[in-house]
Each structure stands twice: as C-alpha cells, then as structure tokens.
Amino acid sequence: MIKVDIPGFKSLELEHLVLDFNGTLACDGILLPEVAERLNNLASMLTVHVITADTFGKVETQLDGVSCRISILREGEQDKEKLSYIKRLGPSCTVSIGNGRNDRLMLEASALGIAVLLQEGAAAQSLMTADIVCREILSALDLLTHPLRLTATLRS
C-alpha cells in the first residue's frame, strides 16, 4: 500500500495500480526499457494490473517475468470495460495510468489518474480527466515510489 496525504487534494491509500499497455508501457507492442524493473519494484507495494486490447498480440510475452495481472479486453466499449474493472477493484484505492481515449473513464474514476504522453501521443479527453500528466511512463511510475512528488504537484 502507498499512503500519502496531499493538502488541498486528498489522502490517498493506494492498493492497486492499473495500467494500459500499448502507448503507456509499450510502443508498437514492445515493452519500453526499464519498465519491467519499475513494475516489479512497485509490485511489492501495490497489486499491478495491465488491462489492454493487446493490439499487437504481444502483451503476455512482453510482460513475462513481471509481477502483474493481465486482462485482455474484448472489442467494443473498452472504455466502459476499463471503468468496470476499476469499479471492481475499488476506485478509492486505485491509481491508473493510460494515454488513450479508452482510458479516460478509468483515469477519472480512480483515486489518482495519471496520463502519459509517449510516441503515439495521448487523447485530449484523457489528458483533461487525469490528475497528473507525465511526459513518459518512467516518470509516472516514479511518482508512486517517491510520493512526495505527488504532493509537490497536486497540493493546493
């Protein structure tokens, strides 16, 4: 669990980390460098979930050796399916990270929503519903291992 009290924002008690795969953790289906190490480090504090349409069909091989739960989404209404996933976990104890239009509902519903802007860009709706926007995934993951960074960004 990660606990942090952010003045003027909220007190967070995070148990789950939910991540999109393509465009968030990977580019063209290939896991970005250093991501596996960061996720395994965070897995000692949070239950890590990767939810994806698996556009390139590589999520399971790319995340081999990473301590996470993988959920492959069906075609159609993936934004609602991701939101439903967050609701099952409990939005108040979940942080989510994504970039796509189908991530906007989960980013908004989570206690903490982080949008990332990688090579494929980010949907404007997701940027607007996120609490924080990071220029790349490693910075986003490091916010969780260094929670005072969250305080510095989100406090009133």
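## Sheet, helix packing and loop residues in a predicted model

Valine 95 lies in strand β8. The model described here is predicted. With a relative accessible area of 0%, valine 95 is buried. Setting aside residues up to four places away in sequence, valine 95 touches Leu14, His16, Leu17, Val18, Leu46, Ser110, Leu112, Ile114 and Leu144. Its C-alpha atom is 7.9 Å from that of leucine 107, a residue 12 places away along the chain.

Threonine 94 is also found in strand β8. Threonine 94 is buried as well, its relative accessible area being 0%. Outside its neighbours within four places in sequence, the contacts of threonine 94 are Leu14, His16, Val18, Ile86, Leu89, Ser110, Ala111 and Leu112.

**The parallel sheet**

Strand β8 belongs to an open sheet of 6 strands, ordered β7-β6-β3-β8-β9-β10, with parallel pairing. At the edges are β7 (69-72) and β10 (132-134), each of which pairs on one side only. On average, and with direction ignored, neighbouring strands of this sheet are turned by 20° against each other.

Strand β9 (residues 112-116) pairs with β10 in the parallel sense over 3 bridges. Within this pairing, alanine 115 is opposite valine 133 of β10. The pairing of β8 and β9 is parallel too and spans 4 bridges. There, serine 96 has glycine 113 of β9 as its bridge partner.

How many of the residues of β9 are buried? The count is 5 of the 5, so β9 is largely enclosed by the rest of the structure. In a regular strand, side chains alternate between the two faces of the sheet. In β9, Leu112, Ile114 and Val116 point one way, while Gly113 and Ala115 point the other way, and all are buried.

**Helices α6 and α1**

Helix α6 (residues 137-145) packs on the sheet, where it touches β3 (16-19), β8 (94-98), β9 and β10. The direction of α6 makes about 160° with that of β9.

Helix α1 (residues 35-42) packs against α6 at an angle of about 20°, and the two axes are 10 Å apart. An angle under 35 degrees counts as roughly parallel, so α1 is roughly parallel to α6. Their crossing is left-handed. On the α1 side the contact involves Val35, Arg38, Leu39, Asn41 and Leu42, and these meet Ile137, Leu138, Leu141, Asp142, Leu144 and Thr145 of α6. Leu144 of α6 also appears among the contacts of valine 95.

**The N-terminal hairpin**

Strands β1 (residues 2-6) and β2 (residues 10-14) run antiparallel and are joined by 5 bridges. In this pair, aspartate 5 is opposite serine 11 of β2. The two strands form a hairpin with 3 residues between them. Glycine 8, in the turn, has a positive phi of about 80°. Leu14, at the end of the residue range 10-14 of β2, is among the residues in contact with threonine 94.

**Positive phi outside glycine**

Most residues other than glycine have a negative phi. Which residues have a positive phi although they are not glycine? Aspartate 28 and glutamate 34 are listed below with their places and accessibilities.

| Residue | Phi | Place | Relative accessibility |
|---|---|---|---|
| Aspartate 28 | about 55° | loop between β4 (26-27) and β5 (30-31) | 48%, partly exposed |
| Glutamate 34 | about 75° | loop between β5 and α1 | 47%, partly exposed |

Aspartate 28 counts as partly exposed because its value of 48% falls between the limits of 20% and 50%. Glutamate 34, at 47% relative accessibility, is likewise partly exposed.

**Cysteines**

How many disulfides does the model contain? With a disulfide taken as a pair of cysteine sulfur atoms within 2.5 Å, the count is 0 disulfides. Cysteine 68 is in no disulfide, and the nearest cysteine sulfur, belonging to cysteine 93, is 18 Å away. Cysteine 134 is in no disulfide either; for this residue the nearest cysteine sulfur is that of cysteine 27, 18 Å away. Is cysteine 134 buried or exposed? At 8% relative accessibility, cysteine 134 counts as buried, because buried means under 20% relative accessible area.

How values were computed
Residues are numbered from 1 along each chain as its sequence is written. This is a predicted model: local features need pLDDT of at least 70, side-chain atom pairs count only at pLDDT 80 or more; totals for chains, interfaces and linings use all residues. Side-chain values use heavy atoms; hydrogens and water are left out. Buried means under 20% relative accessible area, exposed over 50%, partly exposed in between (1.4 Å probe, protein chains only). Two strands pair if DSSP finds at least two bridges between them. Axes are lines fitted to C-alpha atoms, for helices over the stretch in contact, and angles run from 0 to 180 degrees between N-to-C directions. Contact means heavy atoms within 4.5 Å. Angles under 35 degrees count as roughly parallel, over 145 as roughly antiparallel, 65 to 115 as roughly perpendicular and the rest as oblique. A crossing is left-handed if the near helix is turned anticlockwise from the far one by less than a right angle, and right-handed if clockwise.
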